[in-house]
Amino acid sequence: TGNIYKNLVIQDESAALTISINENDMFESYHIGQEVVIDLTDMYIGKYNGLQQLGFPEYSTQYGWEATFMEMDFFKQHAQFNELPKPTEIDTIAVDITKLNAIKSNADSLQKWQSQLVRFDSVQWVEAGKPYSEASASTNRYIKDANGNKMLVRNSSYATFRDKLLPSGTGSVVGILSYFGTEWQVMLRSTDDCIGFDESAPVVPDAPTGPLSE
């Protein structure tokens with residue numbers, strides 16, 4: 001849907017890891033549930049503004065050395081598919097906003113939780129009725145639990161669902177648990193990651209077509 005920019009995400013029983021690749025439309029080749037074997041020879045691992053990922057080193061005056069995009073041809077030379085995709089084997093991990101916020105500065109916790117596919121149950125959209133993202137720029141939206149604890153959901157202005165409206169009511173939100181600076185941020189794969197909300201819109205009665213009175 002265009003909400004996740006030039007990243008692939010892999011996970012196993014131990015943790016998950018983002019791979020930064022300078023390529024668009026990777027969903028056409030790399031499907032959900034596809035097992036992949038990666039040769040890490042000559043690859044680099046590092047952080048991009050707090051998010052640990054595989055990539056290539058790049059130096060900036062603001063952040064110093066960071067891990068950013070590798071070329072797609074390089075990745076293809078180091079990765080191969082194993083069998084057909086098995087999307088039903090991908091599951092989510094139920095998480096609690098309060099607990100995640102309490103551990104966001106802990107190095108071991110970051111390593112464990114970054115890039116995992118997680119699920120927040122019994123939450124609401126703080127800005128229900130607004131579009132997922134503004135057209136002018138990617139937009140931070142928030143979900144909250146019953147106690148008012150909030151989690152940032154980052155929506156791209158390039159996402160195909162940008163103009164859809166955030167649903168009302170209470171439901172579950174699934175997404176990739178990313179990290180930027182010092183904060184968690186959730187990345188939706190599509191609006192299918194919003195489960196059980198009220199998607200109905202108020203019905204506006206048709207204007208009368210006949211005379212109002214005789």
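Asp193 pairs with Arg189 in a salt bridge whose closest N and O atoms are 2.8 Å apart. The model is a predicted one, and the values below are computed from it. Within this pair, Asp193 is buried at a relative accessible area of 4%, while Arg189 is partly exposed at 27%. Asp193 counts as buried because its 4% falls under the 20% limit used for that class.

**Salt bridges**

In the whole structure, the search gives 8 salt bridges. Three of these pairs are set out here, with the N to O distance and the relative accessible area of each partner.

| Pair | N to O distance | Acidic partner | Basic partner |
|---|---|---|---|
| Asp193 and Arg189 | 2.8 Å | Asp193, 4%, buried | Arg189, 27%, partly exposed |
| Glu134 and Arg141 | 2.9 Å | Glu134, 35%, partly exposed | Arg141, 3%, buried |
| Glu83 and Lys86 | 3.0 Å | Glu83, 55%, exposed | Lys86, 35%, partly exposed |

In the Glu134 and Arg141 pair, the side chains meet with N and O 2.9 Å apart. Arg141 is the buried partner, with a relative accessible area of 3%, and Glu134 is partly exposed at 35%. This pair also belongs to a network of salt bridges that links Glu127, Lys130, Glu134 and Arg141.

The side chains of Lys86 and Glu83 meet in a salt bridge at 3.0 Å. Glu83 is exposed because its relative accessibility of 55% is over the 50% limit. Lys86, at 35%, is partly exposed.

**Charge over the chain**

Counting side chains, the protein chain carries 16 positive and 29 negative ones, and the centres of the two sets are 7 Å apart. Some of the acidic residues gather at the surface: Glu23, Asp25, Glu28, Glu71 and Asp73 form a negative patch. Of these residues, Asp73 is located in helix H1, which covers residues 72–78. Asp73 is exposed, with a relative accessible area of 55%.

**The loop at Ser138**

Where does Ser138 lie with respect to strands S9 and S10? Ser138 is in the loop between strand S9 (117–125) and strand S10 (139–144). Glu127, Lys130 and Glu134, which take part in the salt-bridge network, have numbers that fall between the end of S9 and the start of S10, and Arg141 of that network has a number within the range of S10.

Ser138 is partly exposed, at a relative accessible area of 30%. Beyond its neighbours within four places in sequence, Ser138 is in contact with Ser133, Arg154, Asn155, Ser156 and Ser157. Between Ser138 and Leu188 there are 50 positions in sequence and 13 Å in space, taken from C-alpha to C-alpha.

**The chain as a whole**

The protein chain is made up of 214 residues, of which 37% count as buried. Its secondary structure comprises 3 helices and 14 strands. Along the principal axes, the C-alpha atoms fill a box of roughly 85 × 40 × 35 Å.

How much of the contact total comes from residues 24 or more positions apart? Among contacts with a separation of 6 or more, such residues account for 63%. The chain exposes about 13000 Å² of surface, and carbon and sulfur atoms supply 50% of that area.

Methods. Residues numbered from 1 in each chain as written. Predicted model: local features only at pLDDT ≥ 70, side-chain atom pairs only at ≥ 80, totals over all residues. Heavy atoms only, no water. Buried < 20%, exposed > 50% of the residue type's maximum accessible area, 1.4 Å probe, protein only. Helix = DSSP H or I, 4+ residues; strand = E, 2+ residues; numbered from the N terminus. Contact = heavy atoms within 4.5 Å. Areas by Shrake-Rupley, 256 points an atom, 1.4 Å probe, with all protein chains shown as cover. Lys, Arg positive; Asp, Glu negative; His and termini not counted. Charge placed at Lys NZ, Arg CZ, Asp CG, Glu CD. Patch = residues over 30% accessible without salt bridge, like charges linked within 9 Å, V, L, I, M, F, W, Y side chains within 5 Å.
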